[in-house]
Amino acid sequence: MTPSTRAGVGAFEFPYITCRNISAPEDDAAGREVYSGHAPASSVLSLEDDENVREYLVHGQGNQQHVPTLVHQAIRKTLEDQPDQFSILNGGMVIVARAVEIDDKRRILVMQRPSVINGSQTQGELSRYFNRYRSSPDFFEPSIKFELIVTTDDGLIAEISIARNFQNDVRSDLDCRTSWSTERA
């Protein structure tokens with residue numbers, strides 16, 4: 001959750017709930033590692049997103065500032081109305097790091113130069129949610145799914161960031177009901 005002085009410059013301590021190595025044989029052969037798990041949502045709030053091809057769009061500057069999209073609205077609604085279902089309704093985050101040490105005893109990942117490469121909208125809405133509701137007596141901290149890709153290949157990191165940021169639009173409830181009714185007819 002914070003930069004770590006114990007682990008050196010560029011290190012980031014990331015508390016987790018579960019973490020599993022899901023590396024495929026081709027990942028092992030290429031010297032990459034891939035992990036998947038769940039973490040307390042607060043774990044992702046301080047992560048950098050400098051490797052991401054997109055940023056949290058609501059905080060754009062001047063003419064780049066955007067109004068909340070359907071994606072932002074859907075994330076907000078889930079956090080405000082059903083935070084206990086956030087981890088199953090949200091796609092989670094993809095994080096890259098140059099190296100990782102896993103401390104299973106303390107349930108901490110010590111990542112070198114980590115960056116969110118997919119999930120900046122989620123990170124921004126989580127930050128908004130924490131700032132707005134954290135001091136409330138009935139505040140609920142959701143967990144979040146994460147995928148961590150560990151590689152030193154900067155070109156691959158850029159390719160992953162681009163590939164992971166193609167997405168389908170979130171449709172409004174009315175669009176979903178109309179689409180569902182049409183498909184069933």
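Strands, such as those that bound the loop discussed first below, are DSSP runs of at least two residues marked E, numbered from the N terminus. The model is predicted.

**Exercise 1.** Determine where Arg113 lies and whether Arg113 is buried, partly exposed or exposed.

*Solution.* Begin with the chain path: Arg113 belongs to the loop that runs between E7 and strand E8 (115-118). Turning to the backbone, its phi is near 50°, a positive value in a residue other than glycine. For the last step, partly exposed covers the range between 20% and 50% relative accessible area, and because Arg113 has 47% relative accessibility, Arg113 counts as partly exposed.

**Exercise 2.** Carry out the analysis for Arg107, giving its loop, its phi and its exposure class.

*Solution.* Arg107 is placed in the loop between strand E6 (99-103) and E7, and, although it is not a glycine, it has a positive phi of about 55°. With a relative accessible area of 44%, Arg107 is partly exposed.

**Exercise 3.** Identify which residues of the largest nonpolar core touch the most other members, and which element gives the most to this core.

*Solution.* The largest nonpolar core has 26 residues, of which Phe14, Leu47, Leu109, Met111, Leu126, Phe146 and Leu148 touch the most other members. Elements that give two or more residues to this core include strand E2 (11-15), helix H4 (120-133) and strand E9 (143-150), and E9 gives the most, with four residues. For Leu126, once neighbours within four places in sequence are left aside, the contacts include Ala41, Leu79, Phe86 and Ile144.

Definitions and conventions:
Residues numbered from 1 in each chain as written. Predicted model: local features only at pLDDT ≥ 70, side-chain atom pairs only at ≥ 80, totals over all residues. Heavy atoms only, no water. Core = buried A, V, L, I, M, F, W, Y, C linked by side-chain atoms within 4.5 Å. Buried < 20%, exposed > 50% of the residue type's maximum accessible area, 1.4 Å probe, protein only. Contact = heavy atoms within 4.5 Å.
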